[in-house]
Amino acid sequence: MLSENTLFLGMVMTRCISCQGRNGRAFLLENLVNILVGPKENRQLLTGLHTVADVLCLQCHEILGWKYVKAYEESQRYKEGKYILEKAKVMREDR
């Protein structure tokens with residue numbers, strides 16, 4: 001879990017009603033800061049084959065989601081260049 005002092009500035013959310021990450025709900029974002037982008041790899045996701053790169057926290061190096069580099073299906077091309085940020089990795093649930 002990220003520390004309370006870690007900020008993600010300049011986040012512009014893209015409308016995504018049912019975005020899913022590895023750990024449940026996720027946000028589809030136009031841009032992110034305070035991250036590292038890992039190497040590209042092909043992954044078969046729920047919406048088809050994509051070339052993606054993991055996105056890591058700049059501070060703690062925890063994987064937070066991924067960046068869509070290329071979508072192979074025409075209907076998924078709107079995701080290219082955007083980021084998936086997993087809700088479970090960046091938000092705490094109130095107990």
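Which residues does Lys79 touch, not counting residues up to four places away in sequence? Keep that question in mind while you load the model, which is a predicted one. We will come back to Lys79 near the end of the tour.

**Stop 1: the sheet**

Switch to a cartoon view and look for the open sheet of six strands. Reading across, the order is S1-S2-S6-S5-S4-S3, and the pairing is antiparallel. As background, strands of a sheet pair through backbone hydrogen bonds, either parallel or antiparallel.

Now colour the two edges. Strand S1 (20–21) and S3 stand there, each with a single partner strand, so one side of each has no neighbour in the sheet.

Next, select S2 together with strand S6, residues 83–86. These two run antiparallel and are joined by four bridges. To see one facing pair, show Phe27, which stands opposite Leu85 in S6.

**Stop 2: two loops with a positive phi**

Most residues other than glycine have a negative phi. Two residues here are worth a click for that reason.

Select Asn34 first. You will find Asn34 in the loop between strand S2 (24–29) and strand S3 (35–45). Its phi is near 65°, a positive value in a residue other than glycine. Asn34 is partly exposed, with a relative accessible area of 33%.

Then move to His61, in the loop between strand S4 (48–57) and strand S5 (63–71). His61 is not a glycine either, yet its phi is positive, at about 65°. Its relative accessible area is 47%, which makes His61 partly exposed.

**Stop 3: an aromatic pair**

How many aromatic pairs does the structure hold? There is one. Show the side chains of Trp66 and Tyr68: their rings meet edge-to-face, 6.2 Å centre to centre, with 80° between the planes. Both Trp66 and Tyr68 are buried.

**Stop 4: salt bridges**

Side chains of opposite charge can pair when their charged atoms come close. The structure holds six salt bridges, and three of them make good stops.

- Select Arg77 and Glu80, whose side chains meet in a salt bridge at 3.7 Å, N to O. Arg77 is partly exposed, with a relative accessible area of 32%, and Glu80 also counts as partly exposed, at 29%.
- Select Arg43 and Glu41, where the closest N and O atoms of the salt bridge are 2.9 Å apart. Arg43 is buried, with a relative accessible area of 14%, whereas Glu41 is partly exposed at 38%. Add Asp54 to the selection: salt bridges that share partners join Glu41, Arg43 and Asp54 into one network.
- Select Glu62 and Lys89, whose side chains form a salt bridge at 3.2 Å, N to O. Glu62 lies in the loop between S4 and S5 and Lys89 in helix H1 (residues 87–90), so this pair ties together parts that are 27 residues apart in sequence. Glu62 is partly exposed, with a relative accessible area of 24%.

**Stop 5: Val55**

Stay with Glu62 for a moment, as it is among the contacts of Val55. Val55 sits in strand S4. Is Val55 buried or exposed? With a relative accessibility of 0%, Val55 counts as buried.

Show what surrounds this side chain. Leaving aside neighbours within four places in sequence, the contacts of Val55 include Leu32, Ile35 and Leu36. Also among them are Ile63, Leu64, Gly65, Trp66, Lys67 and Tyr83. Trp66 is a member of the aromatic pair from Stop 3.

For a distance to display, draw a line from Val55 to Pro39. These residues are 16 apart in sequence and 9.4 Å apart in space, C-alpha to C-alpha.

**Stop 6: back to Lys79**

Finally, select Lys79, in the loop between S5 and S6. Lys79 is buried yet has no salt bridge. The nearest side chain of opposite charge belongs to Glu73, 8.8 Å away.

What does Lys79 have around it? Beyond residues up to four places away in sequence, Lys79 touches Thr47, His50 and Tyr68. With Thr47 there is also a polar contact of 3.1 Å, joining the two side chains. Tyr68 is the buried ring that you met beside Trp66, in the edge-to-face pair.

Methods: Residues numbered from 1 in each chain as written. Predicted model: local features only at pLDDT ≥ 70, side-chain atom pairs only at ≥ 80, totals over all residues. Heavy atoms only, no water. Buried < 20%, exposed > 50% of the residue type's maximum accessible area, 1.4 Å probe, protein only. Phe/Tyr/Trp six-rings, centres within 6.5 Å; stacked < 30°, edge-to-face > 60°. Pairing = 2+ DSSP bridges. Salt bridge = Lys/Arg side-chain N within 4 Å of Asp/Glu carboxyl O. Lys, Arg positive; Asp, Glu negative; His and termini not counted. Polar contact = N/O pair within 3.5 Å; in protein donor to acceptor, adjacent residues only side chain to side chain. Contact = heavy atoms within 4.5 Å.
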